[in-house]
Every structure is written in structure tokens, then in C-alpha cells.
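The following report describes selected helices and strands of one structure, together with the surroundings of a single residue. Please read it alongside the sequence and coordinates.

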Amino acid sequence: MDVQRFLHHLQRLPGYKGQLVHVEELPPRPPRCGELDPPLPPALQRALAARGIGALYTHQVRAIELLRRGQHTVITTGTASGKSLCYHLPVLERLLEEPQATALYLFPTKALAQDQLKGILRLLEALPELAASVQPGVYDGDTPRGQRRTIRQQSRLVLSNPDMLHAALLPYHPNWARFFAQLRYVVLDEAHTYRGIFGAHVAQVLRRLRRITDAYGSRPVFVATSATIANPSQLLEQLVGEPFQVVTEDGSPRGRKFFAFWNPPPAGSGRPWRRSAVDEAVALMIRAMEQGAQVLTFARTRQQAELVFRYVQEYFRRQGSPLAEQVQAYRGGYLPEQRRQIEADLFQGRLRGLAATNALELGIDVGGLDMVIMLGYPGTIASCWQQAGRAGRPAGPGATGSFRSEAGNSPGAEAPSRPRSQRAVGPPATGSFRSGAGNSPGAEAPSRPRSQRAVGPPATGSFRSEAGNSPGAEAGATFAQLPAQAEEPSLFAAMQADYPFLFRQGNFPAGESDGAGGESLAVLIAGNDPVDQFLMRHPEYFFGRSPEHAVADPHNPYVVRRHLAVAAQERPLEEQNAGFFGPQWQQHAQWLQQQGLLLSRAGRFYYQGPVGPAQGVSLRHLSDETFTVVLLPPGAAVPESAGAKRAVWDALLGRPAAGEQVLATVDGFSAPELIYPEAIYLHQGNTYLVRHLDWEGKLAYVEPVQSDYYTQAIVEKAVFVQHAHLERFAAPGHRAGWGSVEVRWKTTAFKKIRFHTRENVGWGSVALPQQQLQTKALWLVPQWHGGSGTELAEALAGLCNLATTAAPLVTMSDTTDLGGVVDFQNFGRGTVILYDRYPGGLGYCERAFACLEQLLQMCRQLLEECPCRDGCPACVGVPQWQPSQATDPDLTSSGPMPDKEKTGMLLEQLLQNPWSAPAAEPAAVQV
């Protein structure tokens with residue numbers, strides 16, 4: 001893909017409105033190789049030679065040397081850099097030397113384990129004797145029961161995931177005694193995913209693993225791979241409880257990559273919001289696919305991914321294009337066989353376009369993609385680089401230390417610390433274009449340096465290129481004519497009017513063919529979110545800032561207590577457990593004893609609770625439950641409960657009953673927003689009507705329908721402050737606190753949203769049980785001096801939106817980790833409450849409370865730098881406080897209309913005087 005010509009082509013065509021606000025070029029990099037001393041065993045050298053690998057990169061050599069010395073090691077090099085060889089080779093070397101030795105590979109997803117198994121088997125093709133001895137196998141929830149027994153009894157290399165280790169290996173460790181007694185290596189692939197609540201759970205699982213291996217007399221070496229984060233050693237020490245060595249210097253080659261910021265234009269004259277990012281992604285994806293590129297679009301929610309897929313496929317079908325069958329969606333909830341088929345189709349080139357959630361963000365081997373589109377800022381700089389890293393092929397010859405099946409390798413090579421040429425950071429008012437490489441995007445002067453940079457508010461519609469081309473330089477070009485629509489104008493008709501340059505017939509003009517191999521493009525399309533718009537105005541913040549710290553709190557009391565109960569079932573708890581579960585483990589054990597789960601005898605704690613405690617602890621979700629979506633034939637009656645459950649089990653075992661089949665799964669947290677009665681459930685672009693939701697049985701019955709609308713849940717929530725642990729004050733009466741709260745929410749209704757136009761065409765009521773969450777929160781109770789209570793509500797709504805989106809910039813957390821509400825009940829006056837969206841809290845609100853003034857200053861900066869006059873979604877936001885993780889964030893819920901002027905007044909009042917240091921543990925919440 002010749003990226004510069006592609007971008008220049010977009011700018012030169014009629015209809016371009018300045019959407020391309022910044023382009024960053026990451027130059028190619030040659031390989032650097034090293035030598036091992038002593039060298040690998042001859043058998044392994046033959047295996048590498050059979051795979052076309054003649055030398056090892058410097059980072060591979062460094063990692064193998066550390067692991068040979070028995071040092072826990074984390075490797076943080078880039079995409080397709082051969083990180084898998086960093087652990088494959090020392091593991092296989094040890095298995096060759098010790099005929100009884102074993103190794104455990106842990107991956108955050110099943111797909112990664114399957115992907116890495118293929119790489120191991122390819123490597124072992126030249127070592128049939130070792131392959132017969134090692135017998136690598138994947139042991140996860142999809143492994144048939146017969147194969148599980150064989151793997152448990154014979155395999156020396158087991159590939160699994162933390163969930164399976166937690167629920168199926170450690171609780172039954174006597175059955176795995178052979179394996180644990182000889183365990184030499186534990187691999188943690190994609191370790192950066194183990195952060196937040198998931199990381200807290202995984203930290204406890206790994207401590208339980210170390211406790212079991214200690215009992216069997218083995219002390220395995222831990223080796224981890226990670227995308228680029230700011231604190232790899234700290235994260236791994238939090239997870240494992242042992243110090244780690246870090247390998248960061250990347251010796252692998254890299255092709256040229258371009259990173260573009262794309263800001264949608266205003267939705268229309270006088271409207272304070274911009275066009276939908278979904279529309280922009282659809283348009284760019286269609287254009288790139290028509291030019292022969294293989295494109296992956298990352299959506300922030302499941303519904304967004306389904307909508308992008310549906311709209312792109314619909315367009316190609318109307319055009320009669322074979323590309324209609326070469327595009328697909330990919331998200332959580334798809335059945336395993338569906339996911340694996342999609343992955344295989346993408347890797348083998350049968351798919352040219354894919355719309356996915358971050359379920360595909362990790363390093364599954366999907367080959368070298370030409371282009372990645374990110375539909376909105378994914379929440380962290382590290383995650384953004386990770387998604388961008390899915391595009392691109394290594395530069396230079398692929399034989400030298402290159403092992404393409406390593407796609408389990410984390411993206412992120414192109415982190416901001418990489419050398420770049422001339423970063424574009426100029427003031428956002430020039431309206432000109434500049435690529436980060438300093439080269440003209442046009443074919444006219446591909447190597448000529450330029451002095452002007454590409455930035456500028458896209459709302460102006462201004463354009464200036466270095467070559468002096470006007471926007472209408474190709475006015476004689478013809479454009480694709482869409483078929484006439486009998487109903488309302490389609491999305492694609494609207495895009496044809498606004499973006500004719502994206503729908504022109506044919507390929508590039510003469511002389512602009514796609515001929516530059518090894519180049520790739522990542523495009524970040526901004527949403528209306530304040531952080532998205534902040535990055536569009538300040539690309540230097542993104543490109544000049546290091547990736548975030550990844551945080552996993554191994555001492556989260558909610559998590560520790562649940563895993564202590566499981567650990568006691570595995571082996572009685574005793575004094576030396578402090579090294580695994582922290583100095584507070586005895587207090588937690590005593591609390592569990594009071595709950596009747598543990599029994600104390602002679603200084604030991606024994607488990608006496610219900611059978612199988614591990615089954616009641618989910619590592620990933622707020623809810624431990626999973627709902628099954630059952631497909632019914634059209635017109636079929638909903639089965640009785642008992643028969644329905646039998647049908648589900650039959651379908652899961654491959655024996656559908658009475659024409660029913662399992663369509664998908666939904667986690668318990670998302671179920672009330674996706675599969676309530678009368679909801680339209682989107683699955684692979686198709687529409688299904690939810691006929692019935694069996695809340696107790698965790699079953700949703702759906703049937704296929706032809707619908708011209710989808711549904712959006714309306715969720716009501718409230719926060720109740722229970723106890724203040726810390727408080728701060730500022731004159732003339734402002735107060736802030738951090739403490740324990742209970743969050744309650746439920747789905748009460750839904751809207752019917754017409755495809756393409758997004759108009760509301762109806763609504764319905766929903767009666768579902770209320771859900772509750774005990775967590776920690778930050779609250780801010782200002783002393784308002786600005787006018788009426790209505791004006792205060794408008795100011796608080798704006799502040800809540802700003803704080804919810806600015807807090808991740810201050811706390812280095814993810815936008816989905818925090819929720820926010822405006823409240824008038826807890827303290828008798830208007831209050832903004834931010835809360836951790838996980839049981840027991842994650843420490844993010846506590847950190848925001850400690851950095852309260854910095855948080856408020858960031859809110860003021862977001863507000864002041866927005867060019868709007870009265871307020872817009874890019875600053876004070878819209879009447880909502882937290883978009884659903886499951887549905888379309890372009891659609892909004894009800895609430896006070898945020899007011900920019902009043903929000904600014906409130907921020908000035910809050911920052912007028914200094915805030916006191918935190919005062920600890922007040923006796924009670926004063927209202």
C-alpha cells in the first residue's frame with residue numbers, strides 16, 4: 001500500500017473538508033542480529049533452519065540468556081518481532097535436556113492459545129522425536145473431555161489461560177502432580193492485558209500457582225511478553241510477586257508505517273456535534289477495500305462493530321461487488337468455531353475487511369494487514385498503539401530471525417519512544433497538511449522536504465497542499481451512482497453527497513498505483529468525546545507521551561478474599577502464606593471464617609464452604625454469570641424452562657433439539673443492555689428479535705427478523721454514599737470525599753433506532769431486576785455561587801462529563817473503568833460522583849481524589865481549548881454521563897443539558913482557592 005499517495009489522493013478530490021488533521025511517519029528499521037553463547041542444541045538449530053530462520057535478533061538472544069540463568073523475564077518488543085521465539089527456544093531446550101520437565105503457557109484468550117499451538121507444531125516438524133515426547137496440547141474450555149485426560153497424563157507442554165488454571169488445574173492439582181512437580185517454565189503472553197480487575201484476579205491465580213508448585217518442590221521461571229507499557233517490570237512483579245528483568249531493545253526489522261488522525265466534519269450548519277465516527281469508518285473502509293487493501297476496523301462496542309459490518313456489506317451488495325462476501329464482524333460472544341473460522345479467513349486473505357471489537361486487539365496471527373481504522377480513541381495510548389500495530393509487515397528479508405507465526409506477539413512496537421522524523425506539532429490553525437516524514441504526500445516530489453505542517457480545524461473546510469493543488473483538481477472524475485431508494489435516503493447516499501472522493505469509480509489515477517510494498521496505515525477517527533477532540537487538537541500529546549502504566553492491585557480485598565477461599569480448598573492456609581497473599585491475609589482469612597467459609601485449627605485455616613468455590617469466581621466480568629442466546633425457528637414457541645436448558649446443552653454438544661441452536665453468549669453485565677425482551681440483537685450483521693429472557697435460567701430466546709431498526713437500552717442508575725474514608729475542603733465551602741458507595745442500576749426502557757438515519761422511531765418498556773455494585777467513589781460537592789438550581793444542574797452535567805473523560809488522563813486508567821453521575825440526594829445539594837466500575841474498587845477514584853486539582857485543571861483545559869461558543873460534545877458533552885459498553889455511543893440518554901459557560905464558572909470557583917490535604921477517616925458521612 002502506497003500510503004502517502006493514498007492520503008494525498010483523498011485530499012485532492014472534491015468533498016475533502018480537512019478531516020486529515022495530522023499524519024505521523026514511523027520510518028523503517030533494519031534488523032540487528034546476535035549470537036548465543038553457548039549456541040542452541042543442534043536439534044533446535046535444525047528446526048530453525050527448516051523454518052528459514054538463520055539467525056536470532058538481539059532481543060531474542062538477550063531474553064534467552066536471562067532465562068537460561070533462571071531469571072524471570074519480560075519482553076516488550078514490537079509486532080512480529082519474534083517474541084514467541086524468546087520463550088519457545090529456552091523452553092524446548094530445557095525439555096530436550098530434561099526428559100521429565102514440563103512447561104505451562106498462559107494466554108488471555110483461547111484464540112491465542114490455538115494460534116501459538118500451530119507455531120509450536122510447525123517448529124517441531126523437524127524434531128519428530130521431541131514432538132512425540134512433548135505432545136503439546138491446548139487445555140481450555142473447548143477441549144473435548146477425552147483429550148483433556150490425555151493432555152493431563154502425557155503432555156509436557158500445556159497451553160491454557162488463567163481462567164482454566166484457576167478453575168480446572170489448581171483446584172485439582174493432585175491430578176496434575178506429575179506436571180506441577182516438574183514445571184520449569186510458566187509463560188505469560190500478552191501480559192499487559194492483565195491490568196485492572198482482571199489483573200487483580202490473575203495476580204491471585206499466579207500466587208496460588210506458586211504456592212502449589214512450592215508444595216511439589218518446583219520453582220518455575222516466569223517469562224512474559226507485553227505490548228509497550230511504561231512499567232513492564234512493575235506490572236509483572238505485581239502479578240507474580242517476584243522481581244523481573246526487562247528486555248526492551250528491539251532488533252527486528254520494521255516496515256514504514258503512517259499514523260493519521262482523522263476528525264469528522266460538523267454534522268451540519270449550526271450543529272454543535274460532528275458526523276458519526278461510524279459513518280466515517282464505513283466510508284474509509286469501503287474506499288480502502290475498493291483499492292485492494294486488507295482493512296481491520298476496531299470499534300469500541302459490540303453494537304458499533306455490528307453496524308460497521310452491516311453498512312459496509314450492504315453497500316457492496318447494492319453495488320453487486322464480490323467484496324460483500326469478503327467482509328465480516330468479530331466480537332466477544334461469538335461461538336468458538338465462528339471466531340476461529342473468521343481468524344483463518346482473515347489470515348488466508350479470504351476476508352478483505354473486518355469490523356472487530358478489542359477481542360482482536362491481541363496478537364492473533366492475521367497476517368500483514370494494510371490498514372487499521374480505530375473508531376474512536378480506545379481509552380489509553382498503549383491500547384491505541386496496540387491496535388495500530390495490527391497493520392504492517394516487517395521490513396527486509398523475512399528469514400533472519402523472523403517467525404511469522406509469532407503473531408501472539410503484542411503490538412506496540414511503534415510506541416512513541418521510537419525515533420521519528422519531524423513530528424507534526426504546530427498550532428491547529430494553519431489548515432495545511434504535513435506528513436510526519438517531512439515528505440510531500442504527492443507523487444510530484446516524493447522526497448522534497450517541507451516546512452509547513454498538517455493541522456487545522458476541519459470545520460473550516462480549508463485546504464492547502466504543498467504542490468499547490470486545489471480541492472477541485474480532479475473535478476473531471478466520475479463517481480459511483482447509487483441505486484435509487486424507495487424509502488428514506490440511505491447512509492451511503494448521504495456519504496456520496498458529502499464524500500464523493502470516497503466513492504469514485506475505478507482505481508487511482510494514472511501514476512498513482514498502489515505499488516509500495518511494506519507500508520501500512522493506521523487511522524484514528526475521532527468521536528465527539530472530549531478526549532478524542534483533545535487529541536485532534538494536540539497530536540503532540542499522543543505522539544510525545546509514553547504509554548500508560550498498567551496497574552494490577554494484588555491486594556484488592558474483594559479479590560483476595562475470594563481467592564483465599566479457593567486457595568484454602570486447594571491446601572490449608574498457614575503462616576508462610578504471607579509471601580503469596582500479603583501481610584493482611586490472616587485478617588481476610590478471619591473474615592472468611594466469620595462468613596462460615598473457613599475453619600481455624602492449630603494455626604491453619606481449612607475450607608468448609610460449598611463444593612467447588614473456584615466455579616463461583618469469574619476473573620473477567622463484574623458478573624459471574626453468562627447468558628446463552630438460543631436461536632428459535634420463526635414462529636416457534638418458547639420451550640418450557642427444563643426442556644430449554646436440555647436443548648441448550650444438546651446444542652453445545654452438537655445435538656440441536658427441535659431446530660434450536662446456540663447463537664452466541666453474553667456476559668451477565670451486558671445482558672440487561674443487549675438481550676432484554678423485544679430487543680433487536682445484532683449478530684454478524686443480521687437482526688434477531690428477543691422473544692423471551694429467562695433471567696433465572698440465564699437464557700435468551702431469539703428469532704431472525706427483517707428489521708429496519710435496532711434498539712438502544714435506557715439505563716437508570718443511582719449512587720448511594722455509605723462511608724467517607726477521606727475528605728478534602730476548599731474555601732468558600734467546597735468539599736470532596738472518597739469512600740464506599742453502592743451503585744444501583746437497571747434497564748427500564750429502550751429506543752428503536754432506524755438504521756442509517758439514527759432517527760428514533762419508537763420505544764418500549766422493560767422490567768428487569770435491579771443490579772447492585774459495592775465499590776469506591778470520589779464525590780465533589782461544590783458551593784455554587786452562579787445562580788439558580790437549574791443552572792447548577794447544567795454546570796454539574798458538564799463537569800461530570802469532563803471529569804469522567806479527563807480522569808483517565810490523570811489516573812492512567814481506561815475510560816471503561818470509571819462511571820459518573822450527577823446527584824442531588826446524598827448531600828442535600830448538587831454533587832458529581834465518579835466511581836470505580838468494579839466490586840471493591842480499583843484505586844482509580846482514590847488516585848483522582850489525591851490529584852483533584854490536577855483533574856480539575858485538565859477539565860478546564862478541555863473546556864477552554866474547545867473552539868465552540870456554547871458547548872458541544874467535544875467539551876461539556878451531551879446529556880449522558882457514561883456510554884454503554886455494549887451499545888452505540890453515538891446515541892445519547894436523557895439528563896440535564898450541559899452548559900459551557902456555567903461549567904466554566906463552576907470550574908473557576910473550584911480552582912480559585914487551594915484544596916486541603918486529605919483528612920483521614922471521618923466518623924461518618926455528614927449530609
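Helices (H or I, at least four residues) and strands (E, at least two) are DSSP runs, numbered from the N terminus, and the expected span of a helix is 1.5 Å times one less than its number of residues. The model is predicted, so that local features need pLDDT of at least 70 and side-chain atom pairs count only at pLDDT 80 or more, while totals for chains, interfaces and linings use all residues. Residues are numbered from 1 along each chain as its sequence is written, and side-chain values use heavy atoms, with hydrogens and water left out.

Helix H27 (residues 900–911) has 12 residues and reaches 16 Å from its first C-alpha to its last, close to the 16 Å expected at 1.5 Å a residue. Of these 12 residues 9 are buried (under 20% relative accessible area, with exposed meaning over 50% and partly exposed in between, for a 1.4 Å probe and protein chains only), so H27 is largely enclosed by the rest of the structure. Among the buried residues are Lys900, Lys902, Leu906 and Leu910. At the N-terminal end of H27, Asp899 acts as a cap, with a side-chain oxygen 3.1 Å from the backbone nitrogen of Glu901.

Two strands pair if DSSP finds at least two bridges between them. An open sheet of 7 strands follows the order E6-E7-E5-E8-E9-E4-E10 with parallel pairing, and its edge strands, E6 (137–138) and E10 (245–247), each pair on one side only. Two pairings, one from this sheet and one involving strand E28, are set out below.

| Strands | Sense | Bridges | A bridge pair |
|---|---|---|---|
| E5 (residues 102–106) and E8 (residues 183–188) | parallel | 5 bridges | Ala103 and Tyr185 |
| E28 (residues 818–823) and E29 (residues 831–836) | antiparallel | 6 bridges | Asp823 and Thr831 |

In E28, 6 of the 6 residues are buried, so this strand is largely enclosed by the rest of the structure. Leu818, Gly820 and Val822 point one way from E28, whereas Gly819, Val821 and Asp823 point the other way.

Helix H11 (residues 232–240) lies across E4 (73–75), E8, E9 (221–225) and E10, running at about 130° to E4; axes are lines fitted to C-alpha atoms, for helices over the stretch in contact (heavy atoms within 4.5 Å), and angles run from 0 to 180 degrees between N-to-C directions.

Leu66, found in helix H3 (residues 58–68), is buried, with a relative accessible area of 1%. Leaving aside its neighbours within four places in sequence, Leu66 is in contact with Gln71, Thr73, Gln245 and Val247. The C-alpha atoms of Leu66 and Val223 are separated by 9.8 Å, although the two residues are 157 residues apart along the chain.

Technical notes:
Polar contact = N/O pair within 3.5 Å; in protein donor to acceptor, adjacent residues only side chain to side chain.
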